[in-house]
Amino acid sequence: ALGFGIEWNNNVVTITKGDTVFSMEIGKEIPGFGTPYIDSDRTMVSARYISEMLGANVIWDPVAQTVTIVK
């Protein structure tokens, strides 16, 4: 839904959307967002980190305990 591409090179994941390109390394902390890791062949990383890097806004509703991502 966010419309980005993903490439793998060893433990480095590179995410691309238009002119925006950024990378993260599995097992290396992203300050303020935790450490990406793999669980059951899936990369786990903060939805807020990915969303904000791609220009979306993340809204947390503490009453409903829901997250809304707005492009």
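1. A good place to start is the pair Glu52 and Arg48, whose side chains meet in a salt bridge with an N to O distance of 2.8 Å. Please keep in mind as you read that this is a predicted model. The structure holds one salt bridge, so that count is met by the Glu52 and Arg48 contact, given that a salt bridge needs a Lys or Arg nitrogen within 4 Å of a carboxyl oxygen of Asp or Glu. Side chains of opposite charge can pair when their charged atoms come close.

2. Where do Glu52 and Arg48 lie? Both belong to helix H1, which covers residues 47-53, and they are four residues apart, about one turn of the helix. Glu52 counts as partly exposed because its relative accessibility is 37%. Arg48, with a relative accessibility of 32%, therefore also counts as partly exposed; the range for that label runs between 20% and 50%.

3. Now to the sheet. Three strands make an open sheet in the order E1-E2-E3, with antiparallel pairing. The edges are taken by E1 and strand E3 (20-25); each has a single partner strand, so one side of each is left without a neighbour in the sheet. On average, neighbouring strands of this sheet are turned by 20 degrees against each other, direction ignored.

4. The pairing of E1 and E2 is antiparallel and runs over five bridges. Within it, Glu7 stands opposite Thr14 in E2. The two strands form a hairpin with two residues between them, and Asn10 in the turn has a positive phi of about 60 degrees.

5. On the other side of the sheet order, strand E2 (residues 12-17) pairs with E3 in the antiparallel sense over six bridges. You can follow this pairing through Val12, whose bridge partner in E3 is Glu25, and through Thr14, which stands opposite Ser23 in E3. Thr14 is thus a handy residue to click on, as it faces Glu7 as well as Ser23. The hairpin of E2 and E3 also has two residues between the strands, and here Gly18 takes a positive phi near 60 degrees.

6. Last, have a look at the surface. Which residues form a nonpolar patch there? They are Phe4, Ile6, Trp8 and Ile38, with about 390 Å² of accessible area together. Phe4 has its place in the segment before strand E1 (5-9). With 32% relative accessibility, Phe4 counts as partly exposed, and because patch members need over 30% relative accessible area, Phe4 passes that cut-off.

Key:
Residues are numbered from 1 along each chain as its sequence is written. This is a predicted model: local features need pLDDT of at least 70, side-chain atom pairs count only at pLDDT 80 or more; totals for chains, interfaces and linings use all residues. Side-chain values use heavy atoms; hydrogens and water are left out. Patches are made of residues with over 30% relative accessible area and no salt bridge: like charges are joined within 9 Å, nonpolar side chains (Val, Leu, Ile, Met, Phe, Trp, Tyr) within 5 Å. Accessible areas come from the Shrake-Rupley method with a 1.4 Å probe; for residues, only the protein chains shown count as cover. Buried means under 20% relative accessible area, exposed over 50%, partly exposed in between (1.4 Å probe, protein chains only). Two strands pair if DSSP finds at least two bridges between them. Axes are lines fitted to C-alpha atoms, for helices over the stretch in contact, and angles run from 0 to 180 degrees between N-to-C directions.
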